[in-house]
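Work through the exercises below with the sequence and the 3D view open. Try each task before reading its solution.

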Amino acid sequence: MLFRSWTDYAGRMKTGNEFKERITNPAIEIDGDIAMVWAPFTIDVGGKIVACGTDHFDLVREGGAWKILNITFSSRTSGCPGQ
């Protein structure tokens, strides 16, 4: 299963599709008002692991609140944990 667009990705997240994304062992690095989170993930649809990769979030702190500045991710459909 490969997501070709954000519309495709969001469509699979609708209630009833049994779509679950799980992140594990996030690495968090903070330096002053910038931070990043790097976390492996798996995507489960109907009880079967169909994709995996790594999520990466860039964050900035403004007015004491953390805000997501950027999200990037890798994705593959084979060689995933639990497949």
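The exercises that follow concern a predicted model.

**Exercise 1. Elements of the chain**

Task: State how many helices and strands the chain has, and in which order they run.

Solution:
- Step 1. The chain has one helix and five strands.
- Step 2. Starting at the N terminus, the order reads α-β-β-β-β-β.
- Step 3. As for cover, 24% of the 83 residues count as buried.

**Exercise 2. The disulfide**

Task: Find which cysteines form a disulfide, and decide whether C52 and C80 are buried or exposed.

Solution:
- Step 1. The cut-off for a disulfide is a sulfur-sulfur distance within 2.5 Å.
- Step 2. The sulfur atoms of C52 and C80 lie 2.2 Å apart, so this pair meets the cut-off.
- Step 3. The count for the model is one disulfide. It links distant parts of the chain: C52 belongs to strand β4 (residues 48-62), while C80 sits in the segment after β5 (65-73), 28 residues apart.
- Step 4. The angle about the S-S bond is -85 degrees, and the link of C52 and C80 is left-handed.
- Step 5. Buried means under 20% relative accessible area. C52 has 1%, so C52 is buried. C80 has 8%, so C80 is buried.

**Exercise 3. A hairpin and its cover**

Task: Describe how β2 and β3 are joined, and how many residues of β2 are buried.

Solution:
- Step 1. Strands β2 and β3 run antiparallel and are joined by five bridges.
- Step 2. One of the bridge partners can be named: D31 is matched with I34 in β3.
- Step 3. The two strands form a hairpin with two residues between them, and G32 in the turn has a positive phi of about 65 degrees.
- Step 4. β2 covers residues 27-31, and the count of buried residues among its five residues is zero.

**Exercise 4. The largest nonpolar core**

Task: List the residues of the largest nonpolar core and name the strands that each supply at least two of them.

Solution:
- Step 1. The five residues of this core are F19, F41, I43, V50 and A51.
- Step 2. Strands β3 (34-45) and β4 each supply at least two of them.
- Step 3. A general tendency fits here: in soluble globular proteins, nonpolar side chains tend to be buried together.

**Exercise 5. Salt bridges**

Task: Find which side chains R22, D33 and E62 meet in salt bridges, and state how exposed the partners are.

Solution:
- Step 1. The cut-off is a nitrogen-to-oxygen distance within 4 Å. The count comes to three salt bridges.
- Step 2. R22 pairs with D44, with the closest N and O atoms 3.9 Å apart. R22 lies in strand β1 (residues 19-23) and D44 in strand β3, 22 residues apart.
- Step 3. R22 is partly exposed at 41%, whereas D44 is buried at 11%.
- Step 4. D33 meets R61 at 2.9 Å, N to O. D33 is in the loop between β2 and β3, and R61 is in strand β4, 28 residues apart.
- Step 5. Both are partly exposed: D33 at 45% and R61 at 32%.
- Step 6. E62 meets K67 at 3.1 Å, N to O. E62 is partly exposed at 46%, and K67 is partly exposed at 40%.

Conventions. Residues numbered from 1 in each chain as written. Predicted model: local features only at pLDDT ≥ 70, side-chain atom pairs only at ≥ 80, totals over all residues. Heavy atoms only, no water. Helix = DSSP H or I, 4+ residues; strand = E, 2+ residues; numbered from the N terminus. Buried < 20%, exposed > 50% of the residue type's maximum accessible area, 1.4 Å probe, protein only. Core = buried A, V, L, I, M, F, W, Y, C linked by side-chain atoms within 4.5 Å. Pairing = 2+ DSSP bridges.
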